[in-house]
Amino acid sequence: MATSRSKVDTGRGSRNKAPISTDDANRSPRNEGAADNPSGNITCLQMMLDSVKNEICQKIDSLSTDLRSEIVTVRSDVKGWLEPLQQMVESNTSTIKELERSSSDHSDRITELENLISTLNDRLTHFDAKCEDLEGRSRRNNIRLVGLPEGSEGSRPTEYVARLLQEVLQLRDKPLLDRANRTLRDKPKKGQPPRPLVIRVHYFHVRTEILQRAAELSPLNYDGKRLSIFADYTTAVAKKRSAFRDFKRVLHSCPGVRFGLLFPAVLRITTADGVSHKFVEPSVALDFIRKNVKSTETVGNDT
């Protein structure tokens, strides 16, 4: 009977016993021993860290290999791109050096040419002045007769002009002329003014007398025509002398003042106290006249 009770108790006990969980099943005596052993836990963690470390290193090695291959590919591509650029740079460098040498040579040659041009310009100026002087000297015996109708001199202009000058200027003797001819411009049409006559007087003192008489007897008339007689100057000299024309008109009205226009274009003024002054520039002459000969207002109105 006791035996049967114990069986009953045993069966009852088996019915009342709680089921075993997964955690309890996994909790083996070995694990329980590990939990109770800290050094075992550290070892387990170290193993896990080593495993993770190995995996990371493998991935890094794989990425590094891929990256190296890509770098090699990019490097080869870049090298392929840079080679023609390098060649171009080298070519341009050599070209620039050649241009620099050429530029230096050209600069030296330009400097030499500038010096040569400056020398030639000085010589040209000198020769131009000499030619102007020689032309002026070749005309020193010439006079110009303006206003004589075209064709009135006939076929023997030299004799006709000599007789005309003697009559108009009331000269004692008929002047000796070398030649008399019209200027070389085109013959004027009807209604246009006649061309001037260029007359070469054989003797210089006769030429001076003709100009003096023409200034004294001005205005001149012949057969109802008004004539004018001037010295024959070059274009450049005539232009320079014309710049003093207004000043001469002003000086005519100044009592006690003498003046004259020297060759080629030098205005000489002798004031009432007998002091002579020479002027090449018209502006300087005007300033002198305003301050020493006439008032500014008078000279300004006259000029």
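Two people discuss a few features of this predicted model.

Colleague: Why is Phe244 called buried?

Modeller: Phe244 has a relative accessible area of 1%. Buried means under 20%, so Phe244 is buried.

Colleague: What makes Phe244 and Phe247 an aromatic pair that is edge-to-face?

Modeller: The two rings are 6.1 Å apart, centre to centre, and rings pair if their centres lie within 6.5 Å. The planes stand at 70°, and over 60 degrees counts as edge-to-face. Phe247 is buried too, with a relative accessible area of 8%.

Colleague: Why is the pair of Phe279 and Phe288 called tilted?

Modeller: Their ring centres are 5.0 Å apart and their planes are at 40°. Stacked needs planes under 30 degrees apart and edge-to-face needs over 60, and the rest count as tilted, so this pair is tilted. Phe279 is buried at 8% relative accessible area, and Phe288 is buried at 13%.

Colleague: How do you know that the charged end of Arg140 sits over the ring of Phe204?

Modeller: That charged end is 4.2 Å from the ring centre. The distance cut-off is within 6 Å, and the charge must also be within 35 degrees of the ring normal. Arg140 is listed as sitting over the ring.

Colleague: In the sheet ordered E6-E7-E8, what makes E6 and E8 stand at the edges?

Modeller: Strand E6 (258-262) and strand E8 (276-279) each have a single partner strand, so one side of each is left without a neighbour in the sheet.

Colleague: How do you know that E6 pairs with E7?

Modeller: Five bridges join E6 to E7 (residues 266-270), and pairing takes at least two. Leu261, for example, has Leu267 in E7 as its bridge partner.

Key. Residues numbered from 1 in each chain as written. Predicted model: local features only at pLDDT ≥ 70, side-chain atom pairs only at ≥ 80, totals over all residues. Heavy atoms only, no water. Helix = DSSP H or I, 4+ residues; strand = E, 2+ residues; numbered from the N terminus. Phe/Tyr/Trp six-rings, centres within 6.5 Å; stacked < 30°, edge-to-face > 60°. Buried < 20%, exposed > 50% of the residue type's maximum accessible area, 1.4 Å probe, protein only.
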